[in-house]
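Opening the notebook on a new model today. I want to see how the strands pair up and what packs against them.

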Amino acid sequence: MTQPQPNKSYENVRMGVDYYPEHWDEEMWEKDIALMKSSGVAVVRVGEFAWSRMEPRDGEFEFGWLDRALDLFARYGIDVVIGTPTHTPPRWLTAKHPDVLPILPSGAVYQPGVRGHRCFNSRSLRHYGERLIGRLAERYAKHPAVVGWQTDNEFGMLDSQSAQAAEDFRDWVYRKYGTLDNLNREWGTVVWSGEYSEWSEVTPPLGGSPYQNPSFLLDFARFQWETVADFQNGQIAAIRAHCPDHFVTHNFHSYPQRLDLYKVGEALDFASFDYYPNTSPDKAATSPYSGALSLDATRGVKRRNFWIMEQLSGSPGAWMPMWRMPQPGYIRAYVWQAIARGADTVVHFRWRSAHIGAEQFWHGLIDHSNVPGRRLAEFAETSGEVRRLAPLLEGTSPEAQVAILMSHEQLEALRIQKQTDNFDYYENLKEYHRALTKLGIGCDVIDWRQPLDGYRVVVAPHLYLLDDEAAERLSRFAADGGTLLLTARTGVKNLNNVCVMQPLPGLLADCAGVAVREYDPLGRDVVRLDAEDGEQYACSQWADILDPAPGGRTEVLARYGGPVFFAGEAAVTRHAFGHGETYYLGTHPEEEYLRALLLRIAQERGLPHAEGLPAGVQVSVRAGASGAYLFVLNLSRETRRFRLGGAYAEAAGGEGLLGGRRHSGGELELKPYGVEIFRF
Ligand code: GLA
């Protein structure tokens, strides 16, 4: 069967808002929509929580209100994305079919009253959800405003232990292992008398203790990834049956997610992200960098441009005490950061702050007073800029010669068995990404299973679980001329989460050109790291004591120092491997060291990078048929004056597309949250 071809309106660079017509008197709608139009809103998302309005009672569908809202959007030329409302099953459904509700690991029922109370294994949820989605898709397939769909809302893992989840898990395990002998062997259930003698004994991890068999826990996570993907597939089939030319996306959120985004992303046309950079001054130094990673990671889900489906518009609250209000320039700067890293459409959450319900203090563009103010004005100004530059930016995307490998399997396995007190897979990955970002080196963040063609440098933190396929692919990448960077806790286990009985880094030992003789889990203890160039740094979390492989092709780049029993032993190495090279970092060095190492690699490999980037200033490039665009963003709370050195010095000397100022190769001055874009 050929894959339906959705309209490509998702490639438009434009702005939008999230709107909840069901929250407001109908008399307000047209005035709202007219103001949206004049503020530059080109697309809205509606509907993702409105099940009780669409189907107030079993089988009684009421779409009149939605027809009227969508007709108004069509009249004003605003595109609409409909969210499927399965995140909030209505009360009649949960009362009639309690199996819709997840059972939490504690054994408690996840009660209705907030949201997210849906067990992905529930057949009732699937039946009623797909019935409603089918009706919606049929009704709006030809509606002139509707261009696409969002599945559910912010998928995550619930570890539901419902009877249906248990049955589905048992089937999944049976399909994977076939016999109880296989299962018992692969999971190593002999430990603590955990052997299964009947399939009926296989259950989800009841009680939720983190100390249960790690092989079993990892498989339970994998089962849930497939469950969510399958749940979503049901929705997508219901949509595509009527709307083959509509696109389908999902709004991912809050990384890291335990849910495997790549699995859930497979069936989507593109990924979306809900982007809420932290407005607190004490997060000002870190939030722009973790945000940059979230954006790059979202682009990596489909290895293509993406949307922001919810973008910060005002002070967030409700789920926590309110954060600071975004200061002038903040909304605009973060729109440009998202676009710089590959967002095409940026949809803001939300048009107006809710005056009812639990999220009253998660602020929208307009305050409760309904008096349009500073934030809407900034949005409108930014929309104007985005509209002006869209013809240039459409069809462009970030290009990278560096990839960071992200793996939900590693994330989950390292969550199940935390290695040391201070060891965190995603936090460490963040540090590599931050070091690259501070050097102005664009990078993709992709699933560790993806092909590596086209990259010159691959950073692969903590490939704790390995199989032959991954080890061969990575070894081939290095042997064929790539630079591969491996870290401590590589090759420790097989994919069943079982430790391998061979010297680490296991299947990658040849490629790395080292053997781990012994290790010391440092945790929060800090050890000196003496680089061969005489510089001293600090490292923590972990210390692999490395033996370079015989043959002289492995060079020691740093050794442990200070009063530790392994002082003088190798900590960081470089192995000349085939036509390429493999770096092995046996410890977690401080960021300064990572930056120095990555700068050295960038210089040796001729990777474009920036010099002299002050704290909080980020650069990135989008390129395509219309040219290349350098985005320079000051995401700090202070004015930054600096001279942009390195690969982008010349580009930044040209005419800025936003300010229209000339910088003639001299210093750039960017006010707090100031942005400039240069064509080169
Ligand atoms: C999430 C949800 C939205 C809203 C915002 C703000 O991202 O998808 O519905 O709740 O958070 O809390």
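**Strand β5 and its neighbours**

I began with β5, which pairs with strand β6 (residues 270-275) in the parallel sense, over five bridges. Worth remembering as I go: this is a predicted model. One pairing I checked by hand was Thr249, which sits opposite Phe270 in β6.

Next I looked at the other side of the pairing list. Strand β4 (residues 146-150) runs parallel to β5 (residues 247-253), and three bridges join them. Which residue of β5 is the bridge partner of Gln150? I found Thr249 there, the residue that also stands opposite Phe270 in β6. For Trp149, the bridge partner in β5 is Val248.

**Is β5 buried or exposed?**

Mostly covered, as it turns out: I get seven of its seven residues as buried. I then sorted the residues by the way they point. Phe247, Thr249, Asn251 and His253 go one way from the strand, while Val248, His250 and Phe252 go the other. Both sets are buried, with the cut-off for that set at under 20% relative accessible area.

**Zooming out to the barrel**

I followed the pairings round and got a closed barrel of eight strands, in the order β1-β2-β3-β4-β5-β6-β7-β8, with parallel pairing. Ignoring direction, neighbouring strands in this sheet are turned by 30° against each other on average. I also looked for a helix on the sheet and noted α3 (residues 64-75), which packs on it and touches β2 (43-46), β3 (79-83) and β4. The direction of α3 makes about 170° with that of β2.

**The open sheet**

Further along I picked out four strands in an open sheet, ordered β9-β21-β22-β26, with antiparallel pairing. Why is one side of β9 and of β26 left without a neighbour in the sheet? β9 (397-398) and β26 (675-679) stand at the edges and each has a single partner strand, so one side of each stays unpaired in the sheet.

I went through the β21/β22 pair as well. Strand β21 (residues 617-624) and strand β22 (residues 627-634) are antiparallel, with eight bridges between them. Gln618 faces Leu633 of β22 in this pairing.

Last, the helices on this sheet. I have α11 (residues 330-340) packing on it and touching β9, β21, β22 and β26. Its direction makes about 140° with that of β22. Helix α12 (residues 374-393) packs there too, touching β21, β22 and β26. For α12 I also noted about 140° between its direction and that of β22.

Definitions and conventions. Residues are numbered from 1 along each chain as its sequence is written. This is a predicted model: local features need pLDDT of at least 70, side-chain atom pairs count only at pLDDT 80 or more; totals for chains, interfaces and linings use all residues. Side-chain values use heavy atoms; hydrogens and water are left out. Two strands pair if DSSP finds at least two bridges between them. Helices (H or I, at least four residues) and strands (E, at least two) are DSSP runs, numbered from the N terminus. Axes are lines fitted to C-alpha atoms, for helices over the stretch in contact, and angles run from 0 to 180 degrees between N-to-C directions. Contact means heavy atoms within 4.5 Å. Buried means under 20% relative accessible area, exposed over 50%, partly exposed in between (1.4 Å probe, protein chains only).
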